[in-house]
Amino acid sequence: MAGTISKIIHFRDEEEFLDDMTGIMERFSYLASKYGHNPIEGLLLWDYIGVQDEEGVKIFRVGEFPYFEGTLRLDLETLRVMERYFDEMESKWDELRVEDIAYFVEMLNEALGREIVFYEAYDLGLDRNTAYIIINIANLHYLESVLEGRDREIFEEAVEMLMRYL
C-alpha cells in the first residue's frame, strides 16, 4: 500500500497497551469521520484470530470465544467444534505461545474440514506483548496539514500516545 508503513510494536503491559490503542483509534476514527483520512489502517495482536462466516471474516482474540459465539453466522455443529478447540487453547492461556495457536488453528480447520479460521501473527513473527500496526503516513500528514483548534488537539493527543510505542 502506497504511503503506509508496517511496524511490529513491543509493549510491557498488554492491558495498558490496549487501553492506549483504544484511545488512539477513537481519536483517529473521530477525525476520519470528519476529514475522511484515518492514519491507522490495521492493528493485529499476537492472539488475534480471524473466522470466516457467511458475512465475511471477523477478528477475535483467543479468549473471547464465549463472547463472539453469538456473532458468528455458522451452523451449530461448526460452533461446537470451534468451542472445544478454543476451550482447549484458553485452558493453557498462561503458557500459550504463537506456535501453539498456529497449531490449534491448523488442527481446528482439519476438524472442520474447511479453512475458515485464520491466524496471521505466527507468520508475522509476533509473540506475547507484540502487535503489528499499519500506519498510513500520507493520511497522517494530511490530517496534520488541515486540522485546527480542538481537532488539532485531538490529533496531537493521538500522535503523542502512538509515539510511545513507535
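Me: How many salt bridges does the rule count here?
Reply: The count comes to 16 salt bridges. The model is a predicted one.

Me: Why is the pair Arg27 and Glu157 called a salt bridge?
Reply: The rule asks for a side-chain nitrogen of Lys or Arg within 4 Å of a carboxyl oxygen of Asp or Glu. The closest N and O atoms of Arg27 and Glu157 are 3.0 Å apart, so the pair meets the rule.

Me: What makes Arg27 and Glu157 a link between distant parts of the chain?
Reply: Arg27 is in helix H1 and Glu157 is in helix H7, with their positions 130 residues apart in the count along the chain.

Me: Why are Arg27 and Glu157 called partly exposed?
Reply: Partly exposed covers the range between under 20% and over 50% relative accessible area. Arg27 has 25%, so Arg27 falls in that range. Glu157 has 31%, so Glu157 falls there too.

Me: How do you know that Asp151 and Lys34 form a salt bridge?
Reply: Their side chains meet at 2.8 Å, N to O. The limit is 4 Å, so the pair qualifies.

Me: Where do Asp151 and Lys34 lie in the chain?
Reply: Asp151 is in helix H7 and Lys34 in helix H1, 117 residues apart, and the pair links distant parts of the chain. Helix H7 covers residues 149–163.

Me: Is Asp151 buried or exposed, and why?
Reply: Asp151 has a relative accessible area of 6%. Buried means under 20%, so Asp151 counts as buried.

Me: Why is Lys34 called partly exposed?
Reply: The value for Lys34 is 47%. Exposed would need over 50% and buried under 20%, so Lys34 is partly exposed.

Me: Which residues does Asp151 touch, not counting residues up to four places away in sequence?
Reply: Asp151 touches Tyr30, Leu31, Lys34 and Tyr35.

Me: Why are Arg80 and Glu83 called a salt bridge?
Reply: The closest N and O atoms of Arg80 and Glu83 are 2.9 Å apart. That is within 4 Å, so the rule is met. Both residues lie in helix H3 (residues 76–91), 3 residues apart, or about one turn of the helix.

Me: Why are Arg80 and Glu83 called partly exposed?
Reply: Arg80 has a relative accessibility of 35%, so Arg80 is neither under 20% nor over 50%. Glu83 has 25%, so Glu83 gets that label as well.

Me: Which residues do salt bridges with shared partners join into one network?
Reply: The network holds Arg27, Arg150, Glu153 and Glu157.

Me: Which domains does the domain assignment give?
Reply: Domain 1 takes residues 1–46 + 131–165, and domain 2 takes residues 47–128. Their C-alpha centres lie 27 Å apart. The contact takes 9 residues from domain 1 and 14 residues from domain 2.

Me: How much area do domain 1 and domain 2 bury between them?
Reply: They bury about 1100 Å², with 71% of it on carbon and sulfur atoms. Of the area that domain 1 buries against domain 2, Leu44, Leu45 and Trp46 supply 67%, more than any other three residues.

Me: How many salt bridges does the rule find across the interface of domain 1 and domain 2?
Reply: The rule finds 1. There are also 4 residue pairs in polar contact between domain 1 and domain 2, counting residues at pLDDT 80 or more.

Me: Which elements supply at least two residues each of the side of domain 1 that touches domain 2?
Reply: They are helix H1 (14–35), strand E2 (40–45) and strand E6 (130–136). E2 gives the most, with 3 residues. By class, this side of domain 1 has 8 nonpolar, no polar and 1 charged residues.

Me: Why are Arg61 and Glu14 called a salt bridge?
Reply: Their side chains meet at 2.4 Å, N to O. The limit is 4 Å, so the name applies.

Me: Is Arg61 buried or exposed, and why?
Reply: Arg61, in strand E4 (residues 56–61), has 15% relative accessibility. That is under 20%, so Arg61 counts as buried.

Me: What makes Arg61 and Asp47 a polar contact?
Reply: A contact of 3.0 Å joins their side chains. The limit for N or O atoms is 3.5 Å, so the distance fits. Leaving aside neighbours within four places in sequence, the residues in contact with Arg61 include Leu18, Leu45, Tyr48 and Phe68.

Conventions: Residues are numbered from 1 along each chain as its sequence is written. This is a predicted model: local features need pLDDT of at least 70, side-chain atom pairs count only at pLDDT 80 or more; totals for chains, interfaces and linings use all residues. Side-chain values use heavy atoms; hydrogens and water are left out. Domain bounds come from an automatic or database domain assignment. Contact means heavy atoms within 4.5 Å. Buried area is the accessible area (1.4 Å probe) that two parts lose on being put together, summed over both. A polar contact is a pair of N or O atoms within 3.5 Å; within protein, one must be able to donate a hydrogen and the other to accept it, and residues adjacent in sequence count only if both atoms are side-chain atoms. Helices (H or I, at least four residues) and strands (E, at least two) are DSSP runs, numbered from the N terminus. Ala, Val, Leu, Ile, Met, Phe, Trp, Tyr, Cys and Pro count as nonpolar, Asp, Glu, Lys and Arg as charged, and the others, Gly among them, as polar. Buried means under 20% relative accessible area, exposed over 50%, partly exposed in between (1.4 Å probe, protein chains only).
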